[in-house]
Amino acid sequence: MAHAKTSLVCLPCRASYKQCYLGDHDGLCPRCAEPLIHVGSAFAPPRRRDTAAWRTLSVLLHAGVRFHKSCFGGPGYRPRTRSEVRERMAYARRTGEPLARALVRHELP
C-alpha cells in the first residue's frame with residue numbers, strides 16, 4: 001500500500017509540494033534549500049503572486065496552526081485575510097487565549 005502524501009511549504013519561495021511524510025524531518029526546498037514546513041494533507045496553497053495570502057499563511061504556520069484532516073472532512077476554519085488574523089490576534093491579547101486557538105475560532109464572542 002502506498003504512503004499517503006501530505007503538503008510541505010517553503011515560505012521564502014512561496015511554493016507548496018506534495019510528498020510522502022517522513023515524520024522526523026520535512027526535507028529541504030528544491031529551489032532554495034531552506035527547510036520545508038509540514039502543513040498537512042488538507043492544505044490548499046494560495047497563488048504564488050498573492051502576497052497577502054502568503055503573509056496570512058506565514059502567521060498561521062508560525063503560531064503552530066496546521067491543515068490536517070479531521071473526522072469531519074477538513075481542517076476546520078482558518079482565517080484567509082489579514083484583517084481576520086488581526087482581529088483574532090487582538091482577541092488573543094485581550095483575553096489571554098493562546099494565539100493558535102484564537103486563530104482557528106470560526107466566530108469571535
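## The overall layout

Reading along the sequence, you will meet the elements of this chain in the order β-β-β-α-α-α. That makes three strands and three helices. Keep in mind as you explore that this is a predicted model.

The chain has 109 residues, and 30% of them count as buried. Its accessible surface comes to about 7,200 Å², with 53% of that belonging to carbon and sulfur atoms. What about contacts between residues that are at least 6 apart in sequence? Of these, 47% join residues at least 24 apart.

## The hairpin at the start

Let's begin with the strands. Strand β1 covers residues 5–10 and strand β2 covers residues 15–20; the two pair in the antiparallel sense over six bridges. To see the pairing for yourself, find Val-9, which stands opposite Ser-16 in β2. Together, β1 and β2 form a hairpin, with four residues between them.

Which residue in the turn has a positive phi? That residue is Arg-14, with a phi of about 55 degrees, a positive value in a residue other than glycine. Arg-14 is partly exposed, with a relative accessible area of 29%. Further along, in the loop between β2 and β3, you will find Ala-33. Ala-33 is not a glycine, yet its phi is positive too, at about 65 degrees.

## Two nonpolar cores

In soluble globular proteins, nonpolar side chains tend to be buried together. Here, the largest nonpolar core has 12 residues, including Val-9, Val-39, Trp-54, Val-65 and Leu-103. Which element gives the largest share of this core? Helix α1 does, with four residues.

Val-85 is also a member of this core. Leaving aside its neighbours within four places in sequence, Val-85 is in contact with Thr-56, Val-59, Pro-79 and Leu-103. Another core, of seven residues, lies apart from the largest one. Among its residues are Cys-10, Ala-15, Tyr-17 and Cys-29.

## A pair of aromatic rings

How many aromatic pairs does a search of the whole structure find? It finds one. The partners are Phe-43 and Phe-67, whose ring centres are 5.2 Å apart. Their planes meet at 65 degrees, so the pair is edge-to-face.

Where do the two residues come from? Phe-43 lies in the loop between β3 (37–40) and α1 (51–62), while Phe-67 lies in the loop between α1 and α2 (82–95), so the pair ties together parts that are 24 residues apart in sequence. Phe-43 is buried, with a relative accessible area of 7%, and Phe-67 also counts as buried, at 9%. Both residues belong to the largest nonpolar core.

Phe-67 has another partner to look for: the charged end of Arg-78 sits over its ring, 5.5 Å from the ring centre.

## An arginine inside

Is Arg-88 buried or exposed? Arg-88, found in helix α2, is buried, with a relative accessible area of 4%. Compare this with Arg-14 in the hairpin turn, which is partly exposed.

What does Arg-88 touch, not counting residues up to four places away in sequence? Its contacts include Tyr-77 and Pro-79, along with Ala-102, Leu-103, Arg-105 and His-106. Two of these names have come up before: Pro-79 and Leu-103 are also in contact with Val-85.

Definitions and conventions: Residues numbered from 1 in each chain as written. Predicted model: local features only at pLDDT ≥ 70, side-chain atom pairs only at ≥ 80, totals over all residues. Heavy atoms only, no water. Buried < 20%, exposed > 50% of the residue type's maximum accessible area, 1.4 Å probe, protein only. Contact = heavy atoms within 4.5 Å. Areas by Shrake-Rupley, 256 points an atom, 1.4 Å probe, with all protein chains shown as cover. Phe/Tyr/Trp six-rings, centres within 6.5 Å; stacked < 30°, edge-to-face > 60°. Lys NZ or Arg CZ within 6 Å of the ring centre and 35° of its normal. Pairing = 2+ DSSP bridges. Core = buried A, V, L, I, M, F, W, Y, C linked by side-chain atoms within 4.5 Å.
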